[in-house]
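Let's take a friendly walk through some aromatic rings and a helix pairing. Please have the sequence and the 3D view open as you read.

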Amino acid sequence: MLMFNKSLVSEKILSLNDSYLRKLRRQWHEGSQKQVSRTHFIAQAQEWFVNSPINNIVGYHAFPVVDVIQGCTQFFENVILKYGRSGVQTLPIEYAYYSLMGMYGTKPGELIHNKPLLISLPHCVSGGIRSDWPAVLKECEQKNIDIHVDMAWIVKSKDIKLDLDHPNIKSFGMSMSKLSMEWNRVGLRWSKQQQMDSITIANHYYKGRINANAMSCGSYIMHNLDRDYAWNTYGNTNQQICDELDLEPTKFVHVARSKPSGRVVGIGRLLTKPTPS
């Protein structure tokens, strides 16, 4: 007898949303919560985001300027606002929102000199590090290209090894929204130098007042949600699904690949509702 309902495998990549995550949201809205300072939140969030036993993220100490953001969308939108849509390049097969903003991807080897690069690491499709990443880094060195890394999906990935301490990497951002926290997209931006943009204004001129609610909620979530909740909770189920339905696992807990096509499919609903109806 099959354990898993194959009809729940989805062409659309759906996020993980289980009863515990819904419970956290309900408790936050119904409970009485305390405000936390920006200094406390940043220290707590840095520890929570980067110290993952199932990933190895190093080099972040080279980025002394840390600001609170409202999702990685705000992070990369500020990059685009700074340089203009035509002033930023991306790689092929990237986050769909980049193309919606008019950036369709430049092939490695054809990157434009002195034009900043926005890249998703872990990769927004596979959850891993792009195979062309070393070559891209080398090309950016040769062509004086600044790199800004969108790490929105790191909270859903495993086995990621990434050294951020590279001279061409100028900033990176992470948020907790991909753990079904779209209702509170709070996160952090790390920069090598302070930038003058809306994130800086919110953080340094208005201090914590603008982000007070988001920081308080984010602190509550971090107190109640393990950084690697997705893989720690559903890692075994992920493997069972892939074995039974002849799928290939990815670095994402909620994404697999069909065999032999290699097409990515969503298994998020199967993880939380495995039994056939």
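In this predicted model, the charged end of Lys158 sits over the ring of Trp231, 4.3 Å from the ring's centre. Another lysine, Lys178, lies over the face of Trp153, and here the distance to the ring centre is 4.9 Å.

Now to rings that meet other rings. A pair of aromatic rings is described by the distance of the centres and the angle of the planes. The count comes to 13 aromatic pairs, and two of them are set out below.

| Pair | Centre to centre | Angle between planes | Arrangement |
|---|---|---|---|
| Phe172 and Trp190 | 4.6 Å | 10 degrees | stacked |
| Tyr229 and Tyr234 | 6.5 Å | 85 degrees | edge-to-face |

Planes under 30 degrees apart count as stacked, so the 10 degrees between Phe172 and Trp190 make that pair stacked. This pair links distant parts of the chain: Phe172 belongs to strand S6 (residues 169–175) and Trp190 to strand S7 (residues 186–191), 18 residues apart. Phe172 and Trp190 are both buried, and both Tyr229 and Tyr234 are buried. Phe172 and Trp190 also join Trp48, Phe49 and Phe63 in one aromatic cluster.

Trp48 turns up again in a helix contact. Helix H2 (residues 38–50) packs against helix H7 (residues 212–224) with the axes 10 Å apart and an angle of about 40 degrees, which means that H2 is oblique to H7. The crossing of H2 past H7 is left-handed. On the H2 side, the contact is made by Arg38, His40, Phe41, Gln44, Ala45 and Trp48; H7 contributes Met215, Gly218, Ser219, Met222 and His223.

Note on methods:
Residues are numbered from 1 along each chain as its sequence is written. This is a predicted model: local features need pLDDT of at least 70, side-chain atom pairs count only at pLDDT 80 or more; totals for chains, interfaces and linings use all residues. Side-chain values use heavy atoms; hydrogens and water are left out. Rings of Phe, Tyr and Trp (its six-membered ring) pair if their centres lie within 6.5 Å; planes under 30 degrees apart count as stacked, over 60 as edge-to-face and the rest as tilted. Helices (H or I, at least four residues) and strands (E, at least two) are DSSP runs, numbered from the N terminus. Buried means under 20% relative accessible area, exposed over 50%, partly exposed in between (1.4 Å probe, protein chains only). A charge sits over a ring if NZ of Lys or CZ of Arg is within 6 Å of the ring centre and within 35 degrees of the ring normal. Axes are lines fitted to C-alpha atoms, for helices over the stretch in contact, and angles run from 0 to 180 degrees between N-to-C directions. Angles under 35 degrees count as roughly parallel, over 145 as roughly antiparallel, 65 to 115 as roughly perpendicular and the rest as oblique. A crossing is left-handed if the near helix is turned anticlockwise from the far one by less than a right angle, and right-handed if clockwise. Contact means heavy atoms within 4.5 Å.
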